Amino acid sequence: MSQLALWRSGSARVLPGFGLSMGISVLFISLVLLLPITGLFGQLAGLSLAEYWAIITEGRVVASYMVTIGAAAVAALVNAVFGLLLAWVLVRYEFPGKRLLDALMDLPFALPTAVAGITLATLYAGNGWMGSLLEPLGFQVAYTWVGIALAMAFTSIPFVVRTVQPVLEDLPAEVDEAAMSLGATDGVAFRRVIMPHLWPALVTGTGLAFVRSLGEFGAIIFIAGNMPYETEITALMIFVKLQEYDYAGASAIASVVLFVSLALLLAINIWQGRFVRRLHGGTG
Amino acid sequence: MRRIGDAPAVRRLLIGAALLLSALFLLLPLVAIFAQAFSQGVMVFWANVSNTFTLHAIGLTLVIALLTIPICLVFGVALAWLVTRFSFPGRRILQTLIDIPFAVSPVVAGLIYLLLYGRNGWIGSWLDTHDIQLMFAWPGILMVTIFVTCPFVARELIPLMQAQGSREEEAAVTLGAGGWTTFRRVTLPNIRWALLYGIILTNARAVGEFGAVSVVAGAIRGKTNTLPLHLEQLYQDYNAVGAFASAALLALIALLTLAAKAGLEWRAARQEAFL
Amino acid sequence: MTRSTFFRTGLRRSLIATAVGATVAATAVSNTAMAQERELLNSSYDIARELFSAINPEFQAWWQEEYGEEIAISQSHGGSSAQARAIMQGMRADVVTFNQVTDVQVLADAGLVAEDWQDAFDNNASPYYSTTAFLVRKGNPKGIESWDDLVKEDVQMVFPNPKTSGNGRYTYLAAWGFAENEFDGDEEKIQDFMRTFLRNVAVFDTGGRGATTSFIERGIGDVLISFESEVNNIRGEYGSDDYEVIVPPVSILAEFPVAVVGENAERNGNSDLAQSYLEYLYREDTQRLLAGFNYRVHDETVVAEFADQFPDTELLEVEDVFGSWEEAMENHFEGGALLDQLQRR
């Protein structure tokens, strides 16, 4: 049955509350989310297409896309590995301090980003606890793009852990057992048996982490150094435009970030939907 | 039966790596905050915390969080119910729209509210002629806080409710239960931990939001200064200890939040074991 | 207790508690907001918090004595451009005390401040002024005395981003003004100088205080460039043994303009209060207080008292070097203008 037909036929909807929940949701989304966004497009309406293009392709702004996307990609990849490791350890092993470690995973969500930013900058500056260890070895973290990636990774790690964890928990024991009984080594079994179940969640989590990193400002600005063409992030470019009373310019750059992020989120949602459908074999 | 990664060496290696990385990456910043806050002793910390402006900032921050939570709760449950219990065109779009706050940089979130409800905005100018002020007053702070926090409850509930399916509820309705009763007796018990986790995340973000609030609050000390704004001001005034004292308070709220969550999960696990 | 009753009562209780708590707290907040006395809101730049925290009680006491009225003064501080933006968008500040002429002008252009605001008070409506100076580490190991010492190969500077900070703009303009004198207006040489100058910047923070943190707490760079008042305050704050203040022989005049936000003051019924508050800044006692915060002032008596504190320096004016603030902004700081070109690598 096609979705439309399902929707039309009353029998598919035995559950009540369609009108109420639809009403609340649509009202809320319109008032809280969409109405303010129109303000953004209202600003854009004042620009010609050529002006819009000129703003969003200006050299310094383009350089900031590169920095932001590059650092976000590195942060997301690091988090994919680190997050997978943490999720695995939290689900599969018992050890002292496990509950503490589990609780710690949400810290980046719970900690205000400005606090995270100030703290990371303090830790990783040349005279900070970490910086004073790393800099003699030739690793400069603060005020380089590594610092940006670090701040991004910090603020987005829970996305990966919290998406992978439940899937790993739900994985039936037979999956392992089957693999092990065939005599496969751990590495091979993990790659061949576990990963196919995990990677949709892993991609989703990593994707969310990536999107989150694209928009982050508070945590990054303290540690970035903000050198033009080198360590300026796109969110700073928006901030700069605002300082110049250039609302249209700020809105133009913001719209680029918004479109890219929304497109990625839509892709992730479709991906997730497909995955759930495949698991449950239903219409989703 | 042996499971993957059960060999003691692998186990130790992985646990060790996870603990070490978490300690460096997550725990160390937390320790640093408290170390800085107490670097000049408990008395200085206390003097900073009990200052009038700090107390006002704490009060305002908590009020905003308390007002935000019920609103986000109602919306989150309604949306999750809608997209997981019914099939209709535009469902996926609706589900993506709710992610807008994740996609919008907080500074931009503040800006779009300012453009709409500020003195020059098309709603704001009307409000201004009626002498109603939303921006640079606490309603504005509440509005942007709702904007940035509204996805959390829904995002927690949707995957869970999707995975659980609607068979139990359908059965209840078929047996003659009303809509509200069905929701209360069947749905709510199934989603309560996710719901509470959503509330906890909402609270954490509401308490800590900086970027969006800084645009619409105007940072009037003793009036529209939330704790994160207050913290930034102290930091700007060379009062690093005071700033980290506020940071420690926020971190403490974060820790209480995490403890509440861990407690809930533990309780949930125990109940499941009973059944 | 079954699962659902446990949860129901638990949830209901917490919801009720939330609602009650929120109501109580909201009442408390609105009560403080509805204080009976008149209240003046001063919107100011971000590093003036301590300054006005010192001036306000003095003014309140003076007003009480003069008119027998108790008043309250609220302060809002932020980047002065952000503050101007907030006022345009509806923040009801009665007076502005900024560190950028352009930011008051923006308000005048929007009709919130009188067209002739610069004539409303003495000295271009700038009760105090400052200039751009250097803070170097103990013993001045790199021997920095003037702007040309900053373009040496091994010198690393910290000053805020001219794109986001008025403070940073003054630094850029001062360096340009110096180079223009030095190279007799040879555009190519000036640009070369500026390119090297900008290349020696170690960190661009978004504001003056961020730059200070980078220089002091993080130990970055050989020299911090900021307002003379600010570098002196920093030295006072962080120990006069570890840092030295260098005021270069040529620098730029930084005015700190003030204005009554007419529309708001009228609406708040504070016009008289706002006017008096700003006039109060010119009184001898207040000027002495300002000089104590290392700002240069106009009052003759106070100038004489503090003569040792402020070295003689040739102060260039933006209008003389760049034509006007408007031209300086347009030619140097806007997207794609000179600053962007000079920083391209």
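Residues 55-84 of chain B run as 100% helix and 0% strand in this predicted model, and their end C-alpha atoms are 43 Å apart. This stretch is one of those that UniProt, in an unreviewed entry, marks as "transmembrane region"; the record lists residues 55-84, 96-116, 136-154, 194-220 and 240-260 of chain B. Another of them, residues 194-220 of chain B, is 81% helix and 0% strand, with end C-alpha atoms 37 Å apart.

UniProt also gives chains A and B an annotation of a wider kind. In an unreviewed entry, the feature "domain: ABC transmembrane type-1" covers residues 65-268 of chain A. For chain B, the record (again an unreviewed entry) puts "domain: ABC transmembrane type-1" at residues 58-262. Here are the annotated stretches of both chains side by side.

| Stretch | Helix | Strand | Distance between end C-alpha atoms |
|---|---|---|---|
| Chain B, residues 55-84 | 100% | 0% | 43 Å |
| Chain B, residues 194-220 | 81% | 0% | 37 Å |
| Chain A, residues 65-268 | 76% | 0% | 21 Å |
| Chain B, residues 58-262 | 79% | 0% | 24 Å |

**Chain A on its own**

How many helices and strands does chain A have? There are 14 helices and zero strands, so to speak a run of α after α when read along the sequence. The C-alpha atoms of chain A fill a box of roughly 60 × 60 × 30 Å along the principal axes. Of its 284 residues, 48% count as buried. Among the contacts in chain A with a separation of 6 or more, 77% join residues 24 or more positions apart.

How far can you trust the model here? Chain A has an average pLDDT of 84, and 92% of its residues score at least 70. Helix α4 (residues 59-92) of chain A has the highest mean pLDDT among the elements of that chain, at 94, while helix α1 (residues 3-8) has the lowest, at 43. Over residues 1-12 of chain A, pLDDT stays under 50, and the model has 10 contacts beyond four places in sequence for them.

**Where chains A and B meet**

The contact between these two chains takes 87 residues from chain A and 83 residues from chain B. On the chain A side, helix α2 (residues 18-45) gives the largest share, 15 residues. By class, the residues on this side of chain A are 63 nonpolar, 15 polar and nine charged.

**Chain C and its two domains**

Chain C has 17 helices and 12 strands. Buried residues make up 47% of its 345 residues, and 72% of its contacts with a separation of 6 or more are between residues 24 or more positions apart.

Chain C is divided into domain 1 (38-127 + 256-281) and domain 2 (131-252 + 313-343). The C-alpha centres of these two domains of chain C lie 28 Å apart. Eight residues of domain 1 are in contact with eight residues of domain 2. On the domain 1 side, two of these residues are nonpolar, five polar and one charged.

**A core shared among chains**

Which residues have the most contacts inside the largest nonpolar core? They are A:I148 and C:V261, in a core of 274 residues. Helix α3 (residues 52-85) of chain B gives the most to this core, with 17 residues. Both domain 1 and domain 2 of chain C give residues to this core, so it lies between them. Leaving aside neighbours within four places in sequence, A:I148 is in contact with A:V67, A:A71, A:I220, A:I223, A:A224, A:T231 and A:I233.

**Two asparagines to look at in chain C**

Most residues other than glycine have a negative phi. C:N124, although not a glycine, has a positive phi of about 55°. C:N124 is found in helix α6 (residues 122-125) of chain C. Is C:N124 buried or partly exposed? C:N124 counts as partly exposed because it has 14 C-beta neighbours inside 10 Å, where 20 or more would make a residue buried.

C:N294 also has a positive phi, near 70°. This residue sits in the loop between α13 (284-292) and β11 (296-297) of chain C. With 24 C-beta neighbours inside 10 Å, C:N294 counts as buried.

Definitions and conventions:
Residues numbered from 1 in each chain as written. Chains lettered and ligands numbered in written order. Predicted model: local features only at pLDDT ≥ 70, side-chain atom pairs only at ≥ 80, totals over all residues. Helix = DSSP H or I, 4+ residues; strand = E, 2+ residues; numbered from the N terminus. Buried ≥ 20, exposed ≤ 12 C-beta atoms within 10 Å, placed from the backbone. Contact = placed C-beta atoms within 7 Å. UniProt positions renumbered as here; feature names shortened; annotations may be inferred. Nonpolar A, V, L, I, M, F, W, Y, C, P; charged D, E, K, R; others polar. pLDDT = per-residue confidence, 0-100. Domains from an automatic or database assignment. Core = buried A, V, L, I, M, F, W, Y, C linked by C-beta atoms within 7 Å.
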